[in-house]
Amino acid sequence: MHTNYYFLRQLAPALTAQLRGYRVASCFSQEKDELVVGLTDGGREFWLKAQLGATFPALALPETFQRARANSVDLFSELLGEQVETVAAWPQDRVLQVNFRSGARLVFKLYGPRPNAIFRSTPDAPAQLFQQRLLADADLRPLPASGAPAGNGLGPTGNGKLPPALADLPVRYLRAHGYDTALAEAKVRAVNQVLAQLETPAHYYLIRLDGRTRLSLLPLGEILETLPGADPVGALRRFVPLALARRALETETKQVRQALTRRADEATAGAAHARQRLHALAHEAGYRHAADLIMAHLHEIPAGAAEVELLDYYTNQPRLIKLKAGEKPQRTAENLYRKAKNQQIEERQLSQRIERRETEAFGALERLEELDTQPALAELRAFRTWRKQHGLEPAAAAGKGPTELPFKVFEDRGFTILVGRNAANNDLLTQKYAHKDDYWLHAKDVSGSHVVVRHRAGQPVPAPVLEHAAQLAAWYSRRQNDSLCPVTVTPKKFVRKPKGARPGQVIVEREQVVLVVPANPFEAQER
């Protein structure tokens with residue numbers, strides 16, 4: 001009710017008594033939707049800070065205020081030097097008007113969705129608007145200086161109907177005390193009692209209702225503080241900072257909760273995917289085992305065979321092993337040993353990834369539990385300290401970005417090389433992650449991984465980096481076992497995906513072809 005007529009009609013005479021004779025010393029804005037007016041009587045100062053945003057319109061009365069040295073703009077220059085005569089509340093409205101002895105008027109319209117401040121140097125002068133987009137406010141005419149007195153209320157009602165200016169809190173108060181089911185005579189009596197309390201409140205209440213901190217003239221909801229009814233200025237000074245802090249706490253807590261939930265979900269999903277891959281590797285036929293069988297039965301394998309059945313000395317059962325017709329069995333075994341080594345590296349890295357992601361998920365769930373169980377985090381200062389301690393500040397969270405890229409990642413001489421894992425992953429790499437100035441590579445005329453060398457502004461990609469990237473493109477393709485492989489190299493801007501193309505399929509409009517030996521020169525750092 002801090003903007004309701006029943007509170008403003010108490011606030012207006014209190015401000016008149018305090019501000020009569022004060023002169024305007026400054027009028028400026030240094031925050032979005034905020035107007036600050038500084039007044040003085042030559043020795044003392046008084047500050048009016050109007051919060052004119054749609055989410056929380058309010059008139060704050062800070063006891064001190066420090067103007068910023070930068071990002072501050074003067075407003076309503078004709079207001080400077082004006083001397084306050086009275087402050088009045090518009091009857092049955094959410095408007096407070098400051099009348100000056102010269103005839104100037106400053107009106108604070110505290111409507112929820114469209115608050116504004118309107119200044120006129122004389123009652124008939126053109127209106128100057130704080131929120132200039134609200135052009136209709138220029139037609140609002142200020143009250144005459146001798147207009148309706150601030151104490152002009154509705155008075156008793158004889159029909160028991162709720163007056164339109166009663167707002168939601170008095171209505172909820174009445175209904176909480178049986179208004180809806182009461183007899184007509186009891187309704188009249190209840191409404192008149194509430195009106196009497198509103199017109200001369202004994203207390204002001206800071207309450208929490210439906211998750212919001214509010215100023216009420218009636219005891220309702222969870223009462224946080226009870227303040228004397230004779231001091232509306234003090235009540236407003238206590239309420240606005242508390243409400244703003246509560247709103248900030250609610251907003252920031254919600255943001256942290258969402259970020260932690262998202263982090264826990266992503267980490268849990270990442271660990272599950274890595275565990276599935278590890279399980280699949282564990283149940284695949286071992287490359288080393290097959291290579292050992294080839295080498296042990298080398299003399300039994302006929303030249304040019306496409307497959308051979310050998311006795312598996314681990315199971316004492318025959319096992320069929322596929323070979324390449326044009327490749328010596330020794331070379332096949334060599335390739336299988338290399339794959340076994342890469343598989344061991346992948347298994348080790350998957351185990352590390354599972355442990356890391358599970359730790360991350362557990363940490364996020366612990367933070368969520370702390371949010372719900374630690375009473376100290378219900379205070380904004382303690383919450384912000386806790387948030388900083390755990391690295392959950394918005395700027396820090398925004399700067400970290402994703403912890404892992406969904407590709408194979410290699411580093412070479414300060415340049416990042418990305419390798420797609422499958423057809424859909426190739427599309428993601430080329431269409432979403434790659435920049436037009438990145439280098440794009442692919443084994444020519446066969447299926448394989450897309451490879452991207454990340455561009456660095458002002459630094460040409462060294463020839464050895466491109467050669468290593470080309471070797472990776474050859475290695476992660478169907479030409480892996482060839483002695484030489486042609487590889488397409490081109491800036492990514494010359495690569496496009498035609499409409500309706502299969503996953504991973506692209507068209508290269510301009511290319512250079514290099515011949516390289518298929519290899520992975522980064523086996524030790526693969527991830």
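Where does glutamate 78 lie? I shall begin with that residue and then turn to the chain as a whole. Glutamate 78 is found in the loop between β5 and β6. Please bear in mind throughout that this is a predicted model.

With a relative accessible area of 44%, glutamate 78 is partly exposed. If we set aside its neighbours within four places in sequence, the residues in contact with glutamate 78 are Phe119, Ser121 and Gln128. For a sense of distance, consider arginine 9, which is 69 residues away from glutamate 78 along the chain; the two C-alpha atoms are separated by 27 Å.

The loop between β5 (73-74) and β6 (84-89) also holds phenylalanine 76. Is phenylalanine 76 buried or exposed? Its relative accessibility is 8%, and phenylalanine 76 therefore counts as buried, the cut-off being under 20%. The backbone of phenylalanine 76 deserves a remark as well: phi is positive, at about 45 degrees, although the residue is not a glycine.

A further residue of this kind is glutamine 92, where phi is near 50 degrees, again a positive value in a residue other than glycine. Glutamine 92 sits in the loop between β6 and β7 (95-100). Its relative accessibility is 31%, so glutamine 92 counts as partly exposed.

Let me now step back to the overall architecture. The chain contains 10 helices and 23 strands. Its radius of gyration is 38 Å, whereas the globule rule gives 24 Å for 527 residues; the value is well over that figure, and the chain is therefore more spread out than a compact globule. Along the principal axes, the C-alpha atoms fill a box of roughly 115 × 55 × 45 Å.

How much of the chain is buried? Of the 527 residues, 45% count as buried. The exposed area of the chain is about 27,600 Å², and carbon and sulfur atoms supply 51% of it. As for contacts with a separation of 6 or more, 59% of them in the chain are accounted for by residues 24 or more positions apart. On the matter of charge, the chain has 71 positive and 58 negative charges, and their mean positions are 3 Å apart.

Next, I should like to examine one helix, α5, which spans residues 287-296. Which residues of α5 are buried? They are Ala290, Ala291, Leu293 and Ile294. These four cover an arc of only 160 degrees around the axis, which means that they are on the same side of α5. The general background is familiar: an α-helix has 3.6 residues a turn, so residues three or four places apart point the same way. What, then, covers the buried residues of α5? The cover includes β14 (307-312), β15 (317-322) and α6 (329-373).

I close with a second glutamate, at position 393. Glutamate 393 occupies the loop between α7 (380-389) and α8 (394-400). The relative accessible area of glutamate 393 is 29%, and it is thus partly exposed. Apart from neighbours within four places in sequence, glutamate 393 is in contact with Arg387 and Lys388. Finally, glutamate 393 and glutamine 255 are 138 residues apart in sequence, while their C-alpha atoms are 9.8 Å apart in space.

Definitions and conventions:
Residues numbered from 1 in each chain as written. Predicted model: local features only at pLDDT ≥ 70, side-chain atom pairs only at ≥ 80, totals over all residues. Heavy atoms only, no water. Helix = DSSP H or I, 4+ residues; strand = E, 2+ residues; numbered from the N terminus. Rg over C-alpha atoms; globule rule 2.2 N^0.38 Å. Buried < 20%, exposed > 50% of the residue type's maximum accessible area, 1.4 Å probe, protein only. Contact = heavy atoms within 4.5 Å. Areas by Shrake-Rupley, 256 points an atom, 1.4 Å probe, with all protein chains shown as cover. Lys, Arg positive; Asp, Glu negative; His and termini not counted. Charge placed at Lys NZ, Arg CZ, Asp CG, Glu CD. Arc of directions from axis to C-beta.
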